[in-house]
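Trainee: I am new to this structure and would like a close look at a single part of it. Please walk me slowly through how its helices pack, and then place that part in its surroundings.

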Amino acid sequence: DTPLRDLAAARGIYLGTAVTGGKLTGGYGDLAGAQFGSLTPGNEMKWEAVEPARGTYDWTGADRVVAFAEAHGQQVRGHTLVWHSQLPGWLTGGSWTPAQLRTLMTDHITAEAGRYKGRVDHWDVVNEPLNEDGTLRPSLWGAALGESYIADAFRSARAADPAAKLYLNDYSTDAVGAKSDGMYALVKRLLAQGVPVDGVGFQAHLVLGQVPASLETNLRRFAELGVDVAITELDIRMTLPATDAELAQQKADYAAVLRACLAVTRCAGVTVWGFTDSDSWIPDFFPGQGAATPYDENLAPKPAHAGIAETLAPV
Ligand code: G3I
């Protein structure tokens, strides 16, 4: 069978996966390397991972994923420079003035994006900046600095790695609605200010049978602003145990998401958030749910895998 990554490339998009760097050996590594054209470190590039103590950097996990990707001719989606979660304790536990926070943020971006300069194709520069109603999330960053932190983050990232495509990324923005309207307005404002936003990521943590009908329309309206779009964290969860009917529905759902990306010229690619059910965040965060990825716990392809392959087949 033609690897998924080659099917995707022939259709002008990439098919990527989030990975756990420590597992990139054996059968897991073989599949990650052979089937996917882009890797996103699931946790290894987050601030708590790379700077556990102030000024003490640990790039081991991130380096491993980047080296693996290079050895397998894969792109890298860097994830993520500025987020409110998985921050180191020294940062969240400190008391900082807004000016100090701004400098901590831009120094962090300079250090991390600078280290991987020229080796990361896409950076999630700012992750999950919005509330469900589309307003600015009052995170550590938003509360202290207001929306201006986003522009500063993108400018710092551009300076640190001019070749990387710089993305804003969020969840529950897949459908047209209040949150995606907020994202749309934000991107418009940033572009009007000359902020170097190259793309918008749509995480697409979806529920079985609920691929938004407006997904393609939504991707297209962002593309028409003059940015790339990408599905960055796709998974489709269900209540366990999964039945054959549910796995068939999941196949249709994966196919629908791939079709939406293929239909929008500026959709750069689709990344699944873990390619095997044994490496998915869902069971830990949604007890009783899972089976959200294209391969089962034993690395056997599920119907969803066929749904992806069939949708990416040459036309
Ligand atoms: O690093 C510790 C380890 O030392 C400890 O032994 C172990 C015990 O549970 O926990 C480890 O930390 C875990 C970490 O992943 C690294 O494996 C955390 O408990 C766990 O909560 C954390 O979950 C990650 C989650 O982000 C946390 O925010 C998931 O793996 C990761 O897939 C998930 O990814 C996020 C994206 O970054 C942003 N969008 C949503 C997506 C899903 O939540």
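Mentor: Start with helix α6 (residues 98-115) and helix α8 (residues 148-160), whose axes come within 9 Å and cross at roughly 30°. Helices here are DSSP runs of H or I with at least four residues, strands are runs of E with at least two, and both are numbered from the N terminus. The axes are lines fitted to C-alpha atoms, for helices over the stretch in contact, and the angles run from 0 to 180 degrees between N-to-C directions. Bear in mind that this is a predicted model, in which local features need pLDDT of at least 70 and side-chain atom pairs count only at pLDDT 80 or more, while totals for chains, interfaces and linings use all residues. Residues are numbered from 1 along each chain as its sequence is written.

With that angle, α6 and α8 are therefore roughly parallel to each other, a term for angles under 35 degrees (over 145 is roughly antiparallel, 65 to 115 roughly perpendicular, and the rest oblique). Their crossing is right-handed, that is, the near helix is turned clockwise from the far one by less than a right angle, whereas anticlockwise would be left-handed. On the α6 side the contact is made by Arg102, Met105, Thr106, Ile109, Thr110, Ala113 and Gly114, and on the α8 side by Tyr149, Asp152, Ala153, Ser156, Ala157 and Ala160; residues are in contact if their C-beta atoms, placed from the backbone, lie within 7 Å. Sorted by class, this contact of α6 with α8 has seven nonpolar, four polar and two charged residues, where Ala, Val, Leu, Ile, Met, Phe, Trp, Tyr, Cys and Pro count as nonpolar, Asp, Glu, Lys and Arg as charged, and the others, Gly among them, as polar.

Helix α11 (residues 244-263) can be read in the same manner, beginning with its packing against helix α13 (residues 303-312) at an angle of about 30°, with the axes 7 Å apart. The two helices α11 and α13 are therefore roughly parallel to each other, and α11 passes α13 in a right-handed crossing. The contact of α11 with α13 has 11 nonpolar, three polar and three charged residues.

Helix α10 (residues 215-223) also packs with α11, their axes coming within 9 Å and crossing at roughly 30°, and the crossing of α10 and α11 is right-handed. Leu215, Glu216 and Leu219 of α10 make this contact with Val257, Ala260 and Ala263 of α11, so that by class it holds five nonpolar, no polar and one charged residues.

Just before α11, the loop between β8 (228-239) and α11 contains Pro241, and the peptide bond from Leu240 to Pro241 is cis, with omega near 0°. A second cis peptide bond, with omega about 0°, joins His79 and Thr80, and Thr80 lies in strand β3 (residues 75-82). Most peptide bonds are trans.

As for the surroundings, the protein has 13 helices and 10 strands. Its radius of gyration, taken over C-alpha atoms, is 19 Å, close to the 20 Å that the globule rule (2.2 Å times the number of residues to the power 0.38) gives for 315 residues, so the protein is as compact as a globular protein of that length. Along the principal axes, the C-alpha atoms fill a box of roughly 55 × 40 × 35 Å.

How values were computed: Contact = placed C-beta atoms within 7 Å.
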